[in-house]
Amino acid sequence: MGIELADISKSYGSQKVISNLSLKIGKGEIVGFLGPNGAGKSTTMKMITGYTAPDSGSVKVCGIDVVRQPLEAKQRIGYLPEHNPLYLDMYVREYLDFTADVYDVPCKRDRIDEVICLTGLKNEYGKTIGALSKGYRQRVGLAAAIIHNPQVLILDEPTTGLDPNQIVEIRELIKDFGQERTVLFSTHIMQEVEAVCSRFVILRQGVVVADKAVADIERGSLETLFRKLTQ
């Protein structure tokens with residue numbers, strides 16, 4: 001199992017953000033993670049990636065407990081957060097080289113060349129990250145998330161700031177990557193879920209209100225279902 005959440009809960013002060021959430025996502029699944037702002041999507045992703053711990057319940061990645069074995073779990077995770085943290089003074093290739101060293105990536109130079117091609121950075125890798133458009137910075141973040149060839153990929157709004165052509169390219173990259181791995185993909189764009197995901201989960205006030213296969217709903221009806229369940 002790629003991701004396994006068992007009865008996890010999380011509160012900040014008196015506010016309960018996640019309530020007894022259970023979810024399993026297997027290898028080869030791309031799951032759209034949906035919900036209105038404040039539903040708890042980003043908090044759930046932070047618990048999966050080990051950035052914050054649940055108050056109760058367990059989080060496992062590839063069978064590894066994220067709280068008890070955080071380093072072992074993080075080695076298997078690629079994460080692109082909603083607010084993409086980058087070192088703006090570094091050159092693109094320099095940043096990817098640094099990230100590859102963090103993960104001790106074998107054949108580092110070849111892998112950097114590969115992810116530069118995969119993410120469409122061939123014309124940009126000689127620039128500083130600060131000189132890039134928002135869309136290309138997003139590509140750099142995605143390249144860093146996959147450079148160590150993780151088994152689980154967590155993407156929080158990955159197409160933010162991309163133009164329509166770039167969105168199609170990133171969709172294809174996510175679909176290719178997800179064939180042999182586990183992908184959890186948060187977005188507010190319903191068409192992206194229908195185009196990329198095999199399954200979707202809708203969260204409302206920290207509780208799962210829908211968990212369905214994309215194939216089980218009519219094309220274009222996801223937005224209607226989302227509004228019905230979250231208003």
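## A tour of rings, helices and a loop

Let's begin with the rings: this structure holds three aromatic pairs. Keep in mind as you click around that the model is a predicted one.

**Stop 1: Tyr 51 and Tyr 79.** Select these two and show their side chains. Their rings make an aromatic pair, with 5.3 Å from centre to centre and 55 degrees between the planes, which makes the pair tilted. Where do Tyr 51 and Tyr 79 lie? Tyr 51 is in the loop between α1 (41-48) and β4 (56-61), while Tyr 79 belongs to strand β6 (residues 77-80), so the pair ties together parts that are 28 residues apart in sequence. Now switch on a surface. Is Tyr 51 buried or exposed? Tyr 51 counts as exposed, at 61% relative accessibility. Tyr 79, on the other hand, has 17% relative accessibility and counts as buried.

**Stop 2: Tyr 87 and Phe 98.** Pick these two next. The ring centres of Tyr 87 and Phe 98 sit 5.9 Å apart and their planes are at 80 degrees, so this pair is edge-to-face. You'll find Tyr 87 in the loop between β6 and α3, and Phe 98 in helix α3, so the pair ties together parts that are 11 residues apart in sequence. Both residues are partly exposed: Tyr 87 has a relative accessibility of 47%, and Phe 98 has one of 38%. Add Tyr 95 to your selection, and you have one aromatic cluster made of Tyr 87, Tyr 95 and Phe 98.

**Stop 3: helices α3 and α4.** Stay with α3 (residues 92-102) and colour α4 (residues 108-118) as well. Their axes come within 10 Å and cross at roughly 125 degrees. That crossing angle makes α3 oblique to α4. Turn the view a little: the crossing is right-handed. Which residues make the contact? From α3, select Arg 93, Leu 96, Asp 97, Ala 100 and Asp 101; from α4, select Lys 108, Arg 109, Ile 112, Asp 113, Val 115 and Ile 116. Colour this contact by residue type and you get five nonpolar residues, six charged and no polar ones.

**Stop 4: Asn 149.** For the last stop, go to the loop between α5 (134-146) and β7 (152-156), where Asn 149 is found. Asn 149 has a relative accessible area of 41%, so it is partly exposed. What is Asn 149 in contact with, leaving aside its neighbours within four places in sequence? Select Arg 111, Phe 177 and Arg 181 to see those contacts. Then try a distance label from Asn 149 to Gly 78: their C-alpha atoms are separated by 7.9 Å, although the two are 71 residues apart along the chain.

Note on methods. Residues numbered from 1 in each chain as written. Predicted model: local features only at pLDDT ≥ 70, side-chain atom pairs only at ≥ 80, totals over all residues. Heavy atoms only, no water. Axes fitted to C-alpha atoms, helices over the stretch in contact; angles between N-to-C directions. Helix = DSSP H or I, 4+ residues; strand = E, 2+ residues; numbered from the N terminus. Parallel < 35°, antiparallel > 145°, perpendicular 65-115°, else oblique. Left-handed = near helix turned anticlockwise from the far one by under 90°. Contact = heavy atoms within 4.5 Å. Nonpolar A, V, L, I, M, F, W, Y, C, P; charged D, E, K, R; others polar. Phe/Tyr/Trp six-rings, centres within 6.5 Å; stacked < 30°, edge-to-face > 60°. Buried < 20%, exposed > 50% of the residue type's maximum accessible area, 1.4 Å probe, protein only.
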